[in-house]
Amino acid sequence: MDQENVLIAALMDVEEAAVLTNKHGFIILINPAAERLLRQRASSTRGKYHTEVFQLKDPAKHTPLAWMERQQMTREPLFRECLFNCQGLQDVEITYLVKPFSLNGEEDGHVLLLFKDQSELKALQAHLNYVQMNDPQTKLLNRKSFEIKLKVALDEARQQGVKHSFCHVALDQFKIVNDTLGHSAGDAFIERISELLKNAIDKRRDILARIGGDEFGVLIREAEPIEALRKAEGIRNTVMHYNFVWDGQPHKITASLGFVPIHKQSGTPNRVFSLADAACRVAKAKGGNRLHLYRPDDVEINKHRGQLMWIGRLRKAFESGEFRLYAQPIQPLEPRAFLKPFHHYEILLRLFDVEGKTISPDEFIPVAEYYSMMPKLDRWVVKELLTHIRRVAKCDPLPIFAINLSGQSLDDPTFLKYVLDVLKWSGVPPTMLCFEITERVAISNLALAHKFIDTLKLQGCSFSLDDFGTGVSSFAYLKQLPVNYLKIDGSFVKDIATDDVGRAMVQSVHQVGQLMSVKTIAEYVENEQIIRILREIGIEFGQGYGIARPIPLPDVIATHLQVGLPASANKT
């Protein structure tokens, strides 16, 4: 009985619910975790046939699982999904593992069944999915989830010729409402406009989202452009004739609309958003309360976008070396580790004009995306970084540098090979590289993202999922992406001291990270108060001006070379 006693003692401390049966399926023992799940004492289950106590069901067919059959058993740790039933519990989602055991000289005389209750994970997933898909104030879809719907519409137009249209709706006098009546009135007004727009669209086909503070997006599906234009004009008229009453006083407001027909050559969601935004700006510039239809030769839209000028500007920047790399530290928040020198950075791209002034990435990155120049830009960043950091490839500990990758680069079938080739050329240890992919990019092409991550992780690189918490179905997709870090979007962090919703979101994402054994990084860490709150929550890393400003990459390299250790820039 020695082996059996050792096994029984071990099962008492196992976190999973454990049921030990003989080879015929009669229960010998259940551990304390199983007692809680089954809601029965171990003594009351001993000697009973397992189906008298619980049942496992196929999650798709809802039929009983023959889990004791030989093919269900494995000596490898493989948990399968199923539905669990017992007295007082019906169809609870769990994962289970079956292992045969040979004890006291018997050949496979015992069977061990382990359960993991997934209900808490599923509830957290459902909560996160809703928060990430919907605008918290209006309960409409948010911009990120709307982009997914728009991508589907673009695919339908390209592959099947289905006709859709996108309408960008921007309120004309919303700032006046906020400034004169107060933010409470502004919030109430946005909520009422949301209801107004809901009733103005065809709920069976069309899709409505809040894509900005006073901006909405309407995807008019499966309609000829003429019909869609009539619908858009109907939306404008509906807003124009609405009386917003506050404190007994009526207030009028109007909307400007940018209208873009969707066809086979419409391109990416970002391009459609950009065209619709430009068309909406033209409508506002003409006095508002009007709809502007985008046409490919529209001079006014081209003037507003200013992108014809930018394309030449970017080409010149490549040729004359006007791009430069900066590195912003990502620091552990644990108090003792926080005091140590930096060794983990995010690489940031900067462009300088002829006078040496910095041009914001918000100005040139959208242009690079629109003209499909991001793969070229990302290639430049990868090679330039590796050229610099090969000089510190023997420091102890090795510094880590995180590179942001665009969706266009992941979609480029030659980009992965380029990274592998330049990595080999540089001689840089792959462990020095961490690639950051935004949640939206990963979701839009999951198969390519998975291949990219798997290939480079085998080399030793690490991965970070950026802007986590702002996308769609984050939890579900995270389980499929073997990343090392989650970067919590800064919009949830920057006001964490006063924003209860932001704090709850940070806590939820951290919970997800813990459950998936992934470390969390908070962006926009601007002061000591935020650092203290993040420590209380348990966030592992922070990044922001409250820790360190971006440092020119050559300065970081010089510091590493000088001391042979990570840079210790001032924490200001």
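This report walks through a predicted model, starting with the whole chain and then turning to one strand and one helix.

## The chain as a whole

Welcome to a chain of 572 residues, of which 50% count as buried. Its secondary structure comes to 24 helices and 24 strands.

Among the contacts with a separation of 6 or more, 65% join residues 24 or more positions apart. The chain exposes about 27200 Å², and 51% of that area is supplied by carbon and sulfur atoms.

## Strand E7 and its neighbours

A good place to look next is strand E7, residues 164–171. Eight of its eight residues are buried, so E7 is largely enclosed by the rest of the structure. In a regular strand, side chains alternate between the two faces of the sheet. Here, His164, Phe166, His168 and Ala170 point one way, while Ser165, Cys167, Val169 and Leu171 point the other way.

E7 has pairing partners to explore too. With strand E12 (residues 255–262), E7 pairs in the antiparallel sense over eight bridges; there, Cys167 has Phe259 as its bridge partner. With strand E9 (residues 215–220), E7 also pairs in the antiparallel sense, over six bridges, and Phe166 is matched with Leu219 as its bridge partner.

## Helix H10

Now find helix H10, which covers residues 269–285 and has 17 residues. From its first C-alpha to its last, H10 reaches 24 Å, close to the 24 Å expected at 1.5 Å a residue.

Several H10 residues are buried, including Pro269, Val272, Phe273, Leu275 and Cys280. Just after the helix, Gly287 takes a positive phi of about 115°.

How values were computed:
Residues numbered from 1 in each chain as written. Predicted model: local features only at pLDDT ≥ 70, side-chain atom pairs only at ≥ 80, totals over all residues. Heavy atoms only, no water. Helix = DSSP H or I, 4+ residues; strand = E, 2+ residues; numbered from the N terminus. Expected span 1.5 Å × (residues − 1). Buried < 20%, exposed > 50% of the residue type's maximum accessible area, 1.4 Å probe, protein only. Contact = heavy atoms within 4.5 Å. Areas by Shrake-Rupley, 256 points an atom, 1.4 Å probe, with all protein chains shown as cover. Pairing = 2+ DSSP bridges.
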